[in-house]
Amino acid sequence: MKNMKKLICMLAFCGLSLSALAQDGYEPAPENLKARQEFQDKKFGIFLHWGIYSLFGQGEWYMQNDNIDRKEYEKAADAFYPHRFDAAAWVSAIKAAGAGYITITTRHHDGFSMWDTRQSDYNIVKATPYGKDVIKQLADECHKQGIRLHLYYSHVDWYREDYPWGRTGLNVGKDKSKVNWKSYYNFMNSQLTELLTNYGEIGAIWFDGFWDHDSDPTPFDWEISNQYALIHKLQPGCLIGNNHHENVIPGEDIQIFERDLPGENTTGWVKGGVSKLPLETCETMNGMWGYKVNDQRYKSVEELITLLVKTSGKGANLLMNIGPQPNGELPATALERLKGMGEWLQQYGESIYGTTAGHLPVQEWGATTQKGNTEYIHILNYKENEFTLPMDRKIKTVKEFIGGQPLKFKKNKDNSLVIQLNPHQGVVDYVLEIQ
């Protein structure tokens, strides 16, 4: 199948329709369940927000925030020439950082497609002097280096006039009379078919934009069930996540939390609970998702380690974002941070990869992770030499993770475990291994 039309024809021939594939009674295929476990074990991924918005250096919401006319904004494509883009260098740096997968924006809210789509000429191959398919280059390199590729896809479109008006993109020069949901829905499904047909095995589709209609008087029907069914029909092992901030919908395989750890709501966006699906928290390395020229508020390596540990302590993955520069390079500061994360994970990865949440919720002092009968105590913020925590199981040994030095401990009648720590000042994460 090369496009959506062929899929529809095939279904019609079989006496089916897209609605017949609806995911209301979704049962994941065996390869999907396997992919969920593999995803959950990776624990760390890199998010890449990249598009023609990077040219403006004002972040990915520049078109909306500054009410840029869609036809004026479109002219930026003619200047987009990321001549320093090197897929091999990107993937190598990300893999060396200890990340197990990459999630990249294929089409953000500005409507510009970063691959050679047949559904619109408004794409990186046809509309820019660069003229090359960066998603194809990245997909080929990910497959070569053995790292999973996930694809971000926006449900919102500020550029196309057939997209139904929501609460954003209202002042960019679109003609409301040209709204046509059927046209837009077919456009999206045709693009998704391309991405899942022409770029090899895809780890996940990462949706965004449901919230654009969350203030509608009548709930907007995204016909999401049929869209999810299409994805699982094309690639049963492809995971689906949706950044809608609500309870998971049938057909979804992972649950996403934006700028929040699962179970927390510091943003005020979270409207649903925490599901039993694999979990992922996405966060920015500096302050923005897309490249912003004056945003140098990069989190330190120590802060990134702390965030990864606490996310793992929730049993979730951390998807850490970088905004590539318009010339196609990853910012030097981001590369430095990736290097630091890689060095730390080379030492401590065993206490992160393949783990689940430990027996305690995330604490002020740190977090716990677990793998089989081994529990890892990640002490991030505790300076005393006597450490107490509740522990209602029998303990055989307590030792330092690095070096394996045994530590003295005792079990009290109230099931508290008291451990005598060695001096550990200056260590970002003092990890203990308990069996």
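**Briefing: loops, cores and empty spaces in a predicted model**

Tyr163 sits in the loop that runs between β3 and α7. The model is predicted. Tyr163 is buried, because its relative accessibility is 1% and the cut-off for burial is under 20%. The points below start with this residue, then turn to other buried sites, the nonpolar cores, the pockets and the cavities.

**Tyr163 and its surroundings**

- The side chains of Tyr163 and His213 form a polar contact of 3.4 Å.
- Beyond its neighbours within four places in sequence, Tyr163 is in contact with His155, Val156 and Asp157. The list of contacts continues with Lys174, Val179, Tyr184, Asp212, His213 and Trp222.
- Ser183 is 20 residues from Tyr163 along the chain, and the two C-alpha atoms are 8.4 Å apart.
- His213 appears again in the second largest pocket, among the residues nearest the centre. Trp222 is also one of those residues.

**Other buried sites**

- Asn32 belongs to helix α2. Its relative accessible area is 0%, so Asn32 is buried.
- A 3.3 Å polar contact links the side chain of Asn32 to that of Tyr26.
- Leaving out neighbours within four places in sequence, the residues in contact with Asn32 are Tyr26, His232, Pro236, Gly237, Cys238, Leu239 and Asp253.
- Gly349 is in the loop between α10 (332-348) and β9 (356-357). Gly349 counts as buried because its relative accessibility is 4%, against a cut-off of under 20%.
- Gly98 and Gly349 are 251 residues apart along the chain, yet 8.1 Å separates their C-alpha atoms.

**Helix α8**

- Helix α8 covers residues 224-234 and is largely enclosed by the rest of the structure, because 10 of its 11 residues are buried.
- The buried residues of α8 are Ile224, Ser225, Asn226, Gln227, Tyr228, Ala229, Leu230, Ile231, His232 and Leu234.
- One of these, His232, is also in contact with Asn32.

**Nonpolar cores**

- Nonpolar side chains tend to be buried together in soluble globular proteins.
- The largest nonpolar core has 89 residues. Those touching the most other members are Phe44, Ile46, Leu48, Ile102, Leu138, Leu149 and Ile205.
- Helix α7 (residues 181-195) gives this core its largest share, seven residues.
- Another core, of 16 residues, lies apart from the largest one. Its members include Leu389, Ile395, Leu417 and Leu421.
- Ile46 has contacts outside its neighbours within four places in sequence. They are Ile94, Ala99, Tyr101, Ile102, Thr103, Leu319, Met320, Ile322 and Leu338.

**Pockets**

- The largest pocket holds about 460 Å³ of space. It is lined by 25 residues, and Trp61, Trp211, His245, Glu258 and Trp269 are the closest to its centre.
- By class, the lining of the largest pocket has nine nonpolar, eight polar and eight charged residues.
- The second largest pocket holds about 180 Å³. Its lining has 13 residues, with Phe210, His213, Phe220, Trp222 and Glu246 nearest its centre.
- Six nonpolar, two polar and five charged residues make up the lining of the second largest pocket.

**Cavities**

- A probe the size of a water molecule, rolled over the atoms, shows where empty space is left.
- There are three cavities of 30 Å³ or more in the structure.
- The largest cavity has a volume of about 90 Å³. Asn286, Gly290, Tyr291, Tyr298 and Gly323 are the closest to its centre, out of 14 lining residues.
- The lining of the largest cavity divides into seven nonpolar, five polar and two charged residues.
- The second largest cavity has about 60 Å³ of space. Ala35, Glu38, Phe39, Lys42, Arg148, His150, Gly203 and Leu239 line the second largest cavity.
- In the second largest cavity, α2 (30-42) and β3 (148-154) each supply at least two lining residues. The largest share, four residues, comes from α2.
- Three nonpolar, two polar and three charged residues form the lining of the second largest cavity.
- Leu239, part of the lining of the second largest cavity, is also in contact with Asn32.

How values were computed. Residues are numbered from 1 along each chain as its sequence is written. This is a predicted model: local features need pLDDT of at least 70, side-chain atom pairs count only at pLDDT 80 or more; totals for chains, interfaces and linings use all residues. Side-chain values use heavy atoms; hydrogens and water are left out. On a 1 Å grid over the protein atoms alone, a cavity is a set of points where a 1.4 Å probe fits but cannot get out, and a pocket is an open set with protein on both sides within 12 Å along at least five of seven lines; lining residues have an atom within 4 Å of a point. Grid points are joined across faces, edges and corners, and a volume is the space filled by probe spheres set on the points. Ala, Val, Leu, Ile, Met, Phe, Trp, Tyr, Cys and Pro count as nonpolar, Asp, Glu, Lys and Arg as charged, and the others, Gly among them, as polar. Buried means under 20% relative accessible area, exposed over 50%, partly exposed in between (1.4 Å probe, protein chains only). A polar contact is a pair of N or O atoms within 3.5 Å; within protein, one must be able to donate a hydrogen and the other to accept it, and residues adjacent in sequence count only if both atoms are side-chain atoms. Contact means heavy atoms within 4.5 Å. A nonpolar core is a set of buried Ala, Val, Leu, Ile, Met, Phe, Trp, Tyr and Cys residues joined through side-chain atoms within 4.5 Å.
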